[in-house]
Amino acid sequence: PGTYSYTATKAGFVTVNGSVTVVDQNASDFAVMVPALYDIFIWTVDQNMLAMGDVTVELDGEVIVTTGGPMGGEAIFMNKAPGTYSYTATKAGFVTVNGSVTVVDQNASDFAVMVPALYDIFIWTVDQNMLAMGDVTVELDGEVIVTTGGPMGGEAIFMNKAPGTYSYTATKAGYVTVNGSVTVVDQNASDFAVMIPAVHDISFWCSENGIPGGLQGVDVTIDGVTITSDSDGLALFVDYPAGTYSYTATKPAYFDQTGTVTIVDGDISENVVMSLVAYDISFWCSEVDVTGGLEGVAVSIDGVTIITDADGLALFADYQPGVYNYTAEKAGYFTRTGTVSISDADVNEYVVMSPEVYDMFFWCSEEGGTGGLEGVDVTIDGVTVTSDSDGLAHFIGYAPGTYTYSASKPGYIDQTGSVVIYNNLVQEYIVMVSDSYDMFFWCTEAGNPMGLQGVEVTVDGVTVLSDFDGLALFEDYPVGDYDYTANKNGYTIQTGSVSIVDSNVEEFIILDKTYTVNFMVDDGMDPIEGAEVSFNGMMKATNVNGSAIFEGVESGTYDYEISMDEYFVVAGSLEVTDQDITEQVTLILNEVDETTFSSVSIFPNPTNGLLNIDAPQGSQVQIINQMGEVMYNGSLENDQNRFDFSSKPMGLYHIILRSNNKIESFKLLIVR
């Protein structure tokens, strides 16, 4: 037992000094070994060992960029444990430094010496077509190189240049000096010095001989390039290299001028003096198809008129080059016009005068049609011309005067007329009128303005159905009278006639709608078969259902009569307006077995309107007037029923009682 001091040491670690006390058992302690840490200094310098800034230093994953200035160039990596550390130092334009430093038991340092990276600069001297050009003097960074010629020439190489920007000049006699620059970064660099010939201007000052001032409009040509002189007489050619150039100067009405100019090392001026030229114009006039000249023709140019002589000549002297319009006139002949052009010689113009005749154009068409009508025979003075596909009949070469014509074509009415020729051609428009026409039948329903479709219109055995608009069209009918019929189910048949005279015909047909009248005949209980129904001039018998149907009945009021053996005849009237009608008629037996019922009492009879009927309960009762109209139809609710006919007119009525198979008829008289 007692207190003991101890030390713990290890290379690269801080020494631990401690103590431990033993009392009455084993004792222990922890010696915590802490690494000894140091700083690493990397100094970035140039080849002269001067501090260099802006160098990127990377060590143990840490990156530091050094600063510049006399006290700069230092990268400090702190708190590094003993050991060996690799580092890199980089800067654009310099060789990368790879180094290492070892930390033992104190701070450590190293120098990263930055050496510039050196490259080559290539200056290529070429012409405007980018072809190599030799004999060019190139100066860069105080060094002068003259390029060589040939396909592989034109190269000036400046070697071992550190990164940076370098200015250069490229010069050659007769060419524009090139001033350029090239920048070296981290590899060889190059540039093209394009050598452009030194050029100059040529000024041609044009004037007219003996007249001060410039002459405008002179065409000056060099090497195929033409420039026209302006109002000052100047034709300016720009950017021409040194050399000798041939030129020509031309202007209508002036003699051509030629010459040469030479460019040495500056702009040049050339004076060009133009001299006027003049020529004669000879007009030789003659008559068409006649030999020899035509005297007395008045030829005019620019307000000047000369009359041809016996040889047909009109001479215009001393005219400058140019284009001239002329007219040639003589009574009885067509006026001739034209142009003549003077360039560099006298001009002969031959004018042939034609006697004054004209053409006549007849344009034929069909009435109401578009476009020309082919095949029309147009006749003038015994000459016939047939119109072509455009409708044109062309008569050629007619003297002034009045001409009568006729125009004919099968199927059309002949046309006649006259035209007058004065001093120009004639155009006449002939409209041919067809000698067949159309008939338009417009069908409608009475009271309805819209067209009625499906009407059968018949003319001369030909039937046409009317369309949606109610039109039945009959085409190409000659002049005459035509009967027609118009028929459609459910409508009355219409007939009539139309007359074609000299135009199309329109006929308006109004059809009246017809209706169906159905007579339903019974005996008050059951239908009666075989009853004869007389209606609208017709007689029909009722069928097993007691029905007699009359179709095609027009609107109106009609009488009818219905008869059947053993029944009273019923007569009446009905009105047909705008719909089908069903007429219900009950026939009354004219003989009934009076013993059918054992006891029936009807009182009072005659009566003023109040009536009592005493009959078995449930009996069917019908009370009918003389017209066969049923006034009452029902059953007795008890043995005695009371009826009020006070509102019925006076007269004779029939009472029919039915019960099971029993039937009995009574007469009732209403009086007041």
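**Close-up 1. Salt bridge between Lys-161 and Asp-141**. In this predicted model, Lys-161 and Asp-141 form a salt bridge whose closest N and O atoms are 2.9 Å apart. The pair links distant parts of the chain, 20 residues apart: Lys-161 belongs to strand β13 (residues 155-161), and Asp-141 to the loop between β11 (137-140) and β12 (143-146). Lys-161 is buried, at 9% relative accessibility, whereas Asp-141 is partly exposed, with a relative accessible area of 48%. The structure holds 3 salt bridges.

**Close-up 2. Salt-bridge network of Asp-60, Glu-62 and Lys-80**. Side chains of opposite charge can pair when their charged atoms come close. Lys-80 forms a salt bridge with Asp-60, and their closest N and O atoms are 3.1 Å apart. Lys-80 lies in strand β6 (residues 74-80) and Asp-60 in the loop between β4 (56-59) and β5 (62-65), so this pair ties together parts that are 20 residues apart in sequence. Lys-80 also forms a salt bridge with Glu-62, where the closest N and O atoms are 3.9 Å apart. Glu-62 is in strand β5, so its pairing with Lys-80 in strand β6 ties together parts that are 18 residues apart in sequence. Lys-80 is buried, with a relative accessible area of 9%, while Glu-62 is partly exposed at 32%.

**Close-up 3. Surroundings of Ile-421 in strand β37**. Strand β37 covers residues 415-421 and includes Ile-421, which counts as buried at 3% relative accessibility. Not counting residues up to four places away in sequence, Ile-421 touches Tyr-358, Met-360, Tyr-398, Ala-399, Pro-400, Gly-401, Tyr-403 and Val-426. Pro-400 is 21 residues from Ile-421 in sequence, yet the C-alpha atoms of the two are 4.5 Å apart.

**Close-up 4. Aromatic rings and a charge over a ring**. The whole structure contains 26 aromatic pairs. One of them is the edge-to-face pair of Tyr-398 and Tyr-403, with 5.3 Å from centre to centre and 90° between the planes. Tyr-398 is buried, with a relative accessible area of 15%, and Tyr-403 is likewise buried, at 12%. Elsewhere, Phe-204, Phe-237, Tyr-240, Tyr-245 and Tyr-247 form one aromatic cluster. Lys-540 lies over the face of Phe-550, 5.1 Å from the ring centre.

**Close-up 5. Nonpolar surface patch with Phe-111**. Met-49, Val-95, Phe-111, Val-113 and Val-115 form a nonpolar patch on the surface, and together they have about 400 Å² of accessible area. Within this patch, Phe-111 is found in strand β9 (residues 108-113). Phe-111 counts as partly exposed, at 47% relative accessibility.

How values were computed: Residues are numbered from 1 along each chain as its sequence is written. This is a predicted model: local features need pLDDT of at least 70, side-chain atom pairs count only at pLDDT 80 or more; totals for chains, interfaces and linings use all residues. Side-chain values use heavy atoms; hydrogens and water are left out. Patches are made of residues with over 30% relative accessible area and no salt bridge: like charges are joined within 9 Å, nonpolar side chains (Val, Leu, Ile, Met, Phe, Trp, Tyr) within 5 Å. Accessible areas come from the Shrake-Rupley method with a 1.4 Å probe; for residues, only the protein chains shown count as cover. A salt bridge is a side-chain nitrogen of Lys or Arg within 4 Å of a carboxyl oxygen of Asp or Glu. Helices (H or I, at least four residues) and strands (E, at least two) are DSSP runs, numbered from the N terminus. Buried means under 20% relative accessible area, exposed over 50%, partly exposed in between (1.4 Å probe, protein chains only). Rings of Phe, Tyr and Trp (its six-membered ring) pair if their centres lie within 6.5 Å; planes under 30 degrees apart count as stacked, over 60 as edge-to-face and the rest as tilted. A charge sits over a ring if NZ of Lys or CZ of Arg is within 6 Å of the ring centre and within 35 degrees of the ring normal. Contact means heavy atoms within 4.5 Å.
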